[in-house]
Amino acid sequence: MDKAQAQQRIETLRKEISYHNRQYYVLDDPKITDAEYDALMRELNKLEEQFPELVTEDSPTRRVGGAPVEGFTKVVHEVPMLSLGNAYSPDEMREFDRRVRELAGGKVRYACELKIDGLAVSLRYENGVLIQGATRGDGEIGEDITTNIRTIHTVPLRLTEPISLEVRGEAYMPKRAFERLNQARELRGEPLFANPRNAAAGSLRQLDPKVAAQRRLSVFVYTLARADTGTPPAHSETLQWLGALGLPINPETTVLDDIEDVIDYIMSWQSKRHDLPYATDGMVIKVDDIDIQKRLGFTAKSPRWAIAYKYAAEQAQTQLRSIMLTV
Ligand code: NAD
């Protein structure tokens, strides 16, 4: 493909992706599957890598999420809420490990966590009391959804210690709650939610907190953004500490120090994850040592010290769908 052709394809992809971003993040009404979306994004990423002079700052590859919805008070994230880079094969995981070791100057330990398929939320506690819940929005500015967050039973209104901190986690709707919700909507002749993520996003962005309260949402906290006290030196220990403060932490996290073991661990969850009571769309691998995380830093959109592995089932679905679309 020459530069002029690439330019044309890039423009088409950007328009298409921007349309789907708005449907997904702003309107909670996706028109394509995540795998199909990821395929568009990967194509754009590849073309921009091939023709770096065609990269623009407003490209969807440089931005996180979507604009906040009108109707909610806006929240400025003092620590930005970023996205994650993706990997789709063991070789891409090895490549990630190679980059990390190069930057870190040696071997590192990895925390491996399930990637919960919900939406990112930020929770702020002051002197141990929950004072704010927010969506990610575009990463810099989100929506204040405190009244809805307060209806989630697994989110403590008070921590076990009077600490001020901000954590990020994934709000999700358990599979059974999702099925029941859609059955009830079908009986009432209302439109169905596409998946539990979509249902959770729709529920948390209801202006009436009674609706959110009926939806049986839950949260898993997966990272600490800031705290007014000393914190553990490793991410996995931080999670344990947050759990001891009363925050809901996913129990399946494990720490491994060899990328081949990480890959085996990812594969061991490939089909097992379907038995979990909540939806997952991959596995998130993070450098465990916080000092090394700081040294590695961030790109415009995601940390260099973490990556999301997306399972092959979703990729197969994309290939099948694109075959169906082209015949
Ligand atoms: P992402 O889903 O690829 O990964 C980042 C997110 O993972 C984080 O923001 C966090 O919310 C979540 N996460 C879950 N468990 C986590 C854990 N243990 N640790 C850290 N993070 C964890 O990126 P994204 O920016 O949230 O969304 C992009 C994805 O959304 C795309 O890859 C696509 O699948 C989907 N999408 C779909 C459409 C569509 O039209 N179908 C449109 C836009 C985006």
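Three residues of helix α2 are buried: A35, L44 and E48. The model is a predicted one, and this helix is a good place to enter it. Helix α2 covers residues 34-50, 17 residues in all. From first C-alpha to last, α2 reaches 24 Å. That is close to the 24 Å expected at 1.5 Å a residue. An α-helix has 3.6 residues a turn, so residues three or four places apart point the same way.

Q50 also belongs to helix α2. Is Q50 buried or exposed? Q50 has 11 C-beta neighbours inside 10 Å, and the limit for an exposed residue is 12 or fewer. Q50 therefore counts as exposed. In sequence, Q50 and A6 are 44 residues apart. In space, their C-alpha atoms are 9.1 Å apart.

Now step back to the whole chain. It is divided into domain 1, residues 1-63, and domain 2, residues 64-326. The centres of the two domains, taken over C-alpha atoms, are separated by 23 Å. Where they meet, 14 residues of domain 1 are in contact with 21 residues of domain 2. Which elements give two or more residues to the side of domain 1 that touches domain 2? They are α1 and α2. Helix α2 gives the most to that side, with 5 residues. By class, this side of domain 1 has 5 nonpolar, 2 polar and 7 charged residues.

Next comes the ligand. It is surrounded by 23 residues. The closest are Y24, D34, Y37, S83 and A120. Three elements, α1 (3-26), α2 and β3 (110-116), each give two or more residues to this shell. Which of the elements gives the most? Helix α1 does, with 4 residues. Both domains take part: the shell draws at least three residues from each of domain 1 and domain 2. By class, the shell divides into 11 nonpolar, 7 polar and 5 charged residues.

Strand β3 leads on to the sheet. Strands of a sheet pair through backbone hydrogen bonds, either parallel or antiparallel. Here the sheet is open, with 5 strands and mixed pairing. Their order is β2-β11-β10-β3-β9. Why do β2 and β9 each have one side without a neighbour in the sheet? Both stand at the edges with a single partner strand, so one side of each is left without a neighbour there.

Walk across the sheet from the β2 edge. Strand β2, residues 86-87, pairs with strand β11, residues 306-310. The sense is parallel, over 2 bridges. One pair to find here is N86 and A308: A308, in β11, is the bridge partner of N86.

Strand β11 also pairs with β10, residues 280-287. These two run antiparallel and are joined by 5 bridges. M283 stands opposite Y309 in β11.

At the other end, β3 pairs with β9, residues 254-256. Their sense is antiparallel, over 3 bridges. C112 stands opposite T254 in β9.

Two elements are worth a second look. Helix α2 gives 5 residues to the side of domain 1 that touches domain 2, and α2 is also among the elements that give two or more residues to the shell around the ligand. Strand β3 gives residues to that shell as well, and in the sheet β3 stands between β10 and β9.

Methods: Residues are numbered from 1 along each chain as its sequence is written. This is a predicted model: local features need pLDDT of at least 70, side-chain atom pairs count only at pLDDT 80 or more; totals for chains, interfaces and linings use all residues. The expected span of a helix is 1.5 Å times one less than its number of residues. A residue is buried if 20 or more other C-beta atoms lie within 10 Å of its own, exposed if 12 or fewer, and partly exposed in between; C-beta atoms are placed from the backbone. Two strands pair if DSSP finds at least two bridges between them. A residue is near a molecule or strand if its C-beta atom, placed from the backbone, lies within 6 Å of it. Ala, Val, Leu, Ile, Met, Phe, Trp, Tyr, Cys and Pro count as nonpolar, Asp, Glu, Lys and Arg as charged, and the others, Gly among them, as polar. Domain bounds come from an automatic or database domain assignment. Two residues are in contact if their C-beta atoms, placed from the backbone, lie within 7 Å.
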